[in-house]
Amino acid sequence: MKIYLASPFFNINEILMYEYAIESLRAKGYDVYVPREHTVEDAWQMTNKTWAGYVFDEDVRAINECDVVLVMNHGMYSDSGTAWEAGYAMAAGKRVVQILCGEPNTTYSLMMISSADKIVEYYNVENWEEISAGT
């Protein structure tokens, strides 16, 4: 199964949770595409617009080629890139699984939650095998 793992990675908590998810999924044998690991050759020599175009095209390609998009959802704060990945995946007919990363009383965007085929708790990462088991 090819997984596209969408997540913000702009603070230490997001990064640590993302890295743990990547390690856990790969340890279970999943083929995980991690946008953060993608690099653009000679990126520092490009304009921001040119670089952004390469990143955008690569992410679209990766979503189109995956079986499922896992979205690490940290609550009402939603990184615009992660929200876009979730929306594009849904529109492209991909299976979208929301991973709730907040504390038990965290409020989540109804748009993000409503677009999910399945919702799992981050803190139940050991049981993410359920992602491959339909809705």
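In strand β3, the residue that serves as bridge partner of Ile3 is Val68. That little pairing is a good place to begin a tour of this structure, which is a predicted model.

**From one pair to a whole sheet**

Let us zoom out from Ile3 and Val68. Strand β1 covers residues 2–6 and strand β3 covers residues 68–73; the two run parallel and are joined by 4 bridges. In general, strands of a sheet pair through backbone hydrogen bonds, and the pairing can be parallel or antiparallel.

How many strands does the open sheet have, and in what order? There are 5 strands, arranged as β2-β1-β3-β4-β5, with parallel pairing. At the edges sit β2 (31–33) and β5 (118–121), each of which pairs on one side only. If you follow the sheet from one strand to the next, the twist averages 25 degrees.

**A helix across the strands**

Now find helix α1, made of residues 12–27. This helix lies across β1, β2 and β3, and runs at about 175 degrees to β1.

**Charged partners**

Side chains of opposite charge can pair when their charged atoms come close. In this model the count of salt bridges comes to 4. Three examples are set out here.

| Salt bridge | N to O distance |
|---|---|
| Arg26 and Glu37 | 2.8 Å |
| Arg61 and Glu58 | 2.5 Å |
| Arg61 and Glu65 | 2.5 Å |

Which parts of the chain does the pair Arg26 and Glu37 link? Arg26 belongs to helix α1, while Glu37 is in the loop between β2 and α2 (48–65), so the pair connects distant parts of the chain, with their positions 11 residues apart in numbering. Arg26 is partly exposed, with a relative accessible area of 35%, and Glu37 is also partly exposed, at 45%.

The other two pairs in the table share Arg61. Arg61 and Glu58 are 3 residues apart in helix α2, which means that about one helical turn separates them. Arg61 and Glu65 lie in helix α2 too, 4 residues apart, again about one turn of the helix. Through these shared partners, the salt bridges join Glu58, Arg61 and Glu65 into one network.

Is Glu58 buried or exposed? Glu58 counts as buried because its relative accessibility is 15%, and buried means under 20%. Its partner Arg61 is partly exposed, with a relative accessible area of 33%. Glu65 counts as partly exposed as well, at 44% relative accessibility.

Key:
Residues are numbered from 1 along each chain as its sequence is written. This is a predicted model: local features need pLDDT of at least 70, side-chain atom pairs count only at pLDDT 80 or more; totals for chains, interfaces and linings use all residues. Side-chain values use heavy atoms; hydrogens and water are left out. Two strands pair if DSSP finds at least two bridges between them. Axes are lines fitted to C-alpha atoms, for helices over the stretch in contact, and angles run from 0 to 180 degrees between N-to-C directions. Contact means heavy atoms within 4.5 Å. A salt bridge is a side-chain nitrogen of Lys or Arg within 4 Å of a carboxyl oxygen of Asp or Glu. Buried means under 20% relative accessible area, exposed over 50%, partly exposed in between (1.4 Å probe, protein chains only).
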